[in-house]
Amino acid sequence: MRHSGGGGAQVYRITGARQGLHDDVRGRQRRYVISMSVRTVSVVLAAVLWNVERHVAMVALVLGLILPYIAVVIANAGRENAPGLPSTFVEMPAKPMIAPPRDEEHEPTEQP
């Protein structure tokens, strides 16, 4: 897996380790703040549009009511799963069975 680092250099991840706990918590907090910001905007939009465009205001209000639940579920979803490491064992391909040669001379013949 490649990750681009600063300065245009590419950094290769060679372990199956998860990201650090600090990075994980920071990412969750960022997603939560973004979700709650969208919720705030939708509630304000619902209040502004209530007498102008009632249908759009209702949709914004429903979005404002649902987003807190979604934001909490996403924030508490848990850490990422550790990526699976490749197997160190290589399976040998199965050898094809070769049937014994058919020898026509040794076929049983009827005795009179």
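R28 and D24 pair up in a salt bridge, and their closest N and O atoms sit 3.3 Å apart. That's a good way into this model, which is predicted. Overall, the protein's secondary structure amounts to two helices and two strands, and the order from the N terminus is β-β-α-α. Let's start with the charged pairs and then work through the helices and the surface.

**Salt bridges**

- The structure has two salt bridges. Side chains with opposite charges can pair when their charged atoms come close.
- In the R28 pair, R28 and D24 are four residues apart in helix α1, so about one helical turn separates them.
- Are R28 and D24 buried or exposed? R28 is buried, and D24 is too.
- The other pair joins R26 to D23, with 3.1 Å between the closest N and O atoms.
- R26 and D23 also both belong to helix α1, where they lie three residues apart, or about one turn of the helix.
- R26 has a relative accessibility of 42%, so it counts as partly exposed. D23 comes in at 36%, so it counts as partly exposed as well.

**Helix α1**

- Helix α1 covers residues 21-49. With its 29 residues, α1 reaches 42 Å from first C-alpha to last, close to the 42 Å expected at 1.5 Å a residue.
- Which residues of α1 are buried? They are D24, G27, R28, S35, M36, S42, A46 and L49. Notice that the R28 and D24 pair is in this group.
- α2 is included in what covers the buried residues of α1.
- V44 is in helix α1 too, but V44 is partly exposed, because its relative accessible area is 48% and the buried label needs under 20%.

**Helix α2**

- Helix α2 takes in residues 54-75. Its 22 residues reach 32 Å from the first C-alpha to the last, close to the 32 Å expected at 1.5 Å a residue.
- Where does α2 bend? The bend is at I66, by about 30 degrees, and a proline, P68, follows within four residues.
- The buried residues here are A57, A60, G64, L67, A71 and A75. These buried residues of α2 pack against α1.
- For one pair to look at across the two helices, try V44 and A60: they are 16 residues apart along the chain, and their C-alpha atoms are separated by 8.6 Å.

**The surface**

- The protein exposes about 10200 Å², and carbon and sulfur atoms supply 63% of that area.
- Out of the 112 residues in the protein, 13% are buried.
- A nonpolar patch of about 920 Å² shows up on the surface, made by W50, M58, L61, V62, L65, I66, Y69, I70, V73 and I74. I66, where α2 bends, is one of the patch residues.
- L61, another patch member, is in helix α2. L61 is partly exposed, since its relative accessible area of 33% falls between the 20% and 50% cut-offs.

**Contacts along the chain**

- Take the contacts between residues at least 6 apart in sequence: 56% of them join residues at least 24 apart.

Conventions
Residues are numbered from 1 along each chain as its sequence is written. This is a predicted model: local features need pLDDT of at least 70, side-chain atom pairs count only at pLDDT 80 or more; totals for chains, interfaces and linings use all residues. Side-chain values use heavy atoms; hydrogens and water are left out. Buried means under 20% relative accessible area, exposed over 50%, partly exposed in between (1.4 Å probe, protein chains only). Contact means heavy atoms within 4.5 Å. Accessible areas come from the Shrake-Rupley method with a 1.4 Å probe; for residues, only the protein chains shown count as cover. Patches are made of residues with over 30% relative accessible area and no salt bridge: like charges are joined within 9 Å, nonpolar side chains (Val, Leu, Ile, Met, Phe, Trp, Tyr) within 5 Å. A salt bridge is a side-chain nitrogen of Lys or Arg within 4 Å of a carboxyl oxygen of Asp or Glu. The expected span of a helix is 1.5 Å times one less than its number of residues. The bend at a residue is the angle between axes fitted to the seven residues ending there and the seven starting there.
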